[in-house]
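Hi,

Here is the structure I wanted to pass on to you. Have a look, and my notes are below.

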Amino acid sequence: MVTIHSGADGTAVLVDGGILAAVGPFEELRAAHPGARVRTWPGVLRPGLTHEGELPPAPTPRERVHALLLRGVTAVAGAPADPALRSTLDRYGLLPARRAPALEPGARADFAVFEEQGRCLATVVAGRLLHRRA
């Protein structure tokens with residue numbers, strides 16, 4: 001499914017599968033892809049963050065990974081020793097760590113949406129919306 005994610009500043013990305021197919025003004029992408037699903041966000045689209053160091057503490061590996069997604073993390077540098085945690089990170093697409101590319105066509109669709117105050121509103125990894133604030 002092709003999806004257009006549009007930020008409050010008018011910048012948008014066209015996601016086709018797990019790839020950024022296009023980046024540009026929302027109106028241009030919408031006109032060029034009238035059948036695309038549209039998600040509009042009250043924040044700015046930015047490349048996802050790479051987490052370094054210990055993961056946040058939580059009772060389960062899934063909750064530890066979710067704590068990263070809440071922050072806009074789309075990659076984790078260094079695989080943890082715990083096999084369950086490593087497996088969960090891999091399942092979510094956060095391993096192996098990649099340097100967050102600029103939002104450009106052909107890049108993997110890893111990005112986050114941030115409010116002006118810095119709070120993460122949504123996290124997309126390989127084109128999948130993995131976190132969204134209500």
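Going along the sequence, the pattern of the chain is β-β-β-α-β-β-β-α-β-α-β-β-β, which comes to 3 helices and 10 strands (DSSP runs numbered from the N terminus: H or I of at least four residues for helices, E of at least two for strands). Bear in mind that this is a predicted model, where local features need pLDDT of at least 70 and side-chain atom pairs pLDDT 80 or more, while totals for chains, interfaces and linings use all residues. Residues are numbered from 1 along each chain as its sequence is written, and side-chain values use heavy atoms, with hydrogens and water left out.

On overall shape, the C-alpha trace spans about 45 × 30 × 20 Å along its principal axes. The radius of gyration is 15 Å, which agrees with the value near 14 Å for a compact globule of 134 residues (taken over C-alpha atoms; the rule is 2.2 Å times the number of residues to the power 0.38).

As for packing, 42% of the 134 residues count as buried (under 20% relative accessible area, 1.4 Å probe, protein chains only). Of the contacts (heavy atoms within 4.5 Å) with a separation of 6 or more, 54% are between residues 24 or more positions apart.

One residue to look at is Thr3, which sits in strand 1 (residues 2-6). Thr3 counts as buried because its relative accessible area is 9%. Beyond its neighbours within four places in sequence, Thr3 touches Val13, Leu14, Val15, Arg37 and Arg39.

Cheers

Definitions and conventions: Buried means under 20% relative accessible area, exposed over 50%, partly exposed in between (1.4 Å probe, protein chains only).
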